[in-house]
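Okay everyone, thanks for coming. Have a look at the screen, and I'll walk you through a few parts of this one.

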Amino acid sequence: MSKVTFIASPDIAFVKYWGNKDDALRIPENDSISMSLNGLETITTVEFSSNFAQDSLMIDGVVPDLAVLQRTLNQVDLLRSLAQVTDRIKIVSQSNFPPSTGLSSSASGFAALTLAVNKALRLNLTTKQLSSMARRGSGSACRCVNGGFVIWHSGSNHANSYSETLFPSNHWLLYDLVSIVSESKKEVGSSEGHYSAHSSKFYPIRLLTIAEKLKQVRQYLAKKDFTALGELVEMEALEFHSILFTSRPSLLMWHAGTMNVMQEVRAMRRDGLEAYFTMNTGFNVHVLTLPVYLDKVRGRLEQLSLVDRVIVSQVGDGPLEVEKHLF
Ligand code: PMV
């Protein structure tokens with residue numbers, strides 16, 4: 001069979017996915033809404049062959065550890081069994097941003113992998129089915145098979161837990177200035193965090209208030225109300241990290257640089273530059289802003305001694321198949 005290559009981008013959630021109703025199937029407790037990020041990319045090439053002696057995987061130039069290999073091959077096996085093939089696979093994947101630092105490399109990785117394997121095995125799954133499938137590898141990968149502003153309907157089973165685009169990328173030009181404060185790998189992954197989410201005493205409050213939050217985000221996106229959206233997104237990030245702080249085991253992800261960026265974003269707002277921060281399970285910070293403030297916000301972030309570099313990202317269009325293969 002021939003090689004297939006897909007590029008997928010990670011996203012940044014405005015209302016986060018946190019905690020599962022079903023850990024094995026990654027069926028989340030709540031819906032989530034995100035923006036696809038075009039400056040960050042994972043490119044993945046796959047090839048199936050009966051001549052390969054075994055499955056193989058290379059990520060960012062190295063053979064990953066056994067846990068990553070197993071998780072990846074579990075995803076391939078789901079698709080292989082659908083297609084009823086036993087051929088071995090070769091996978092090579094590369095990202096242009098640091099993995100395991102809170103920038104959702106597993107989301108873009110599992111989205112690209114699922115799309116590439118679907119094509120290589122001629123499964124012809126619909127976008128909805130592909131989003132459900134990608135979800136099995138990494139929850140938020142479910143959203144990354146789509147572009148623009150995306151909603152993941154939590155659902156109650158494999159088939160009805162899927163994502164769709166709420167608004168296309170050209171609906172609203174927003175920037176995400178991804179502020180890298182460290183490239184060191186985080187100690188605890190999101191999957192473990194989802195398992196312990198319910199142990200925070202604030203988690204039930206989160207679930208009670210999340211429907212209203214989702215409704216508001218949809219309204220603010222429709223109206224393009226950046227102030228209302230930004231305030232909500234920043235508060236959501238802080239509420240989300242409060243769950244992390246108070247879970248058992250407690251998760252404290254922030255570095256000094258994380259605080260540095262958060263404080264600077266608030267200082268910028270006091271100076272009339274509209275920007276808002278949000279973080280995932282990690283320490284690197286996403287800073288949302290409008291085109292009119294882009295240069296100044298970027299300059300202020302780049303001046304911070306604890307910021308290594310800033311990746312400028314806009315609303316992405318979603319995954320793309322390319323002819324340029326990695327092997
Ligand atoms: O998809 P996972 O298991 O990597 O979890 C993603 C968790 C958050 O990034 C914190 C939230 C989200 O919705 O992306």
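Let's start with one pair of residues: find V150, and you'll see that its bridge partner in β10 is T165. One thing to keep in mind as we go is that this is a predicted model.

So V150 and T165 give us a way in. Strand β9, residues 149–153, pairs with β10 in the antiparallel sense, over 5 bridges. Now zoom out a bit. Those two strands belong to an open sheet of 4 strands, and the order is β2-β5-β9-β10, with antiparallel pairing. Which strands sit at the edges? That would be β2, residues 11–15, and β10, residues 162–167, each pairing on one side only. If you rotate the view, you can follow how neighbouring strands of this sheet are turned against each other, by 35° on average, ignoring direction. And there's a helix packing on the sheet: α5, residues 203–223, which touches β2, β5, β9 and β10. The direction of α5 makes about 115° with that of β2.

Okay, next stop, a pair of helices. Helix α1 covers residues 66–83 and helix α2 covers residues 105–120, and their axes come within 10 Å and cross at roughly 30°. Angles under 35 degrees count as roughly parallel, so that's what we call α1 and α2. Their crossing is right-handed.

Who meets whom here? From α1 we have R71, T72, Q75, V76 and L79, and they meet S106, F110, L113, T114 and V117 from α2. Sorted by type, the residues in this contact come out as 5 nonpolar, 4 polar and 1 charged.

Let's pick out T72, in helix α1. Is T72 buried or exposed? Its relative accessible area is 7%, and buried means under 20%, so T72 is buried. Leaving out residues up to four places away in sequence, T72 touches L57, I91, F110 and L113.

Last stop, a hairpin. Strands β12 and β13 form it, with 6 residues between them. They run antiparallel, joined by 4 bridges; β13 is residues 285–289. Here's a handy rule: in a regular strand, side chains alternate between the two faces of the sheet. Now check β12, residues 275–278: A275 and F277 point one way, Y276 and T278 point the other way, and all of them are buried. And to finish where we began, with a pair across two strands: F277 stands opposite V287 in β13.

That's my tour, thanks!

Notes: Residues are numbered from 1 along each chain as its sequence is written. This is a predicted model: local features need pLDDT of at least 70, side-chain atom pairs count only at pLDDT 80 or more; totals for chains, interfaces and linings use all residues. Side-chain values use heavy atoms; hydrogens and water are left out. Buried means under 20% relative accessible area, exposed over 50%, partly exposed in between (1.4 Å probe, protein chains only). Two strands pair if DSSP finds at least two bridges between them. Axes are lines fitted to C-alpha atoms, for helices over the stretch in contact, and angles run from 0 to 180 degrees between N-to-C directions. Angles under 35 degrees count as roughly parallel, over 145 as roughly antiparallel, 65 to 115 as roughly perpendicular and the rest as oblique. A crossing is left-handed if the near helix is turned anticlockwise from the far one by less than a right angle, and right-handed if clockwise. Contact means heavy atoms within 4.5 Å. Ala, Val, Leu, Ile, Met, Phe, Trp, Tyr, Cys and Pro count as nonpolar, Asp, Glu, Lys and Arg as charged, and the others, Gly among them, as polar.
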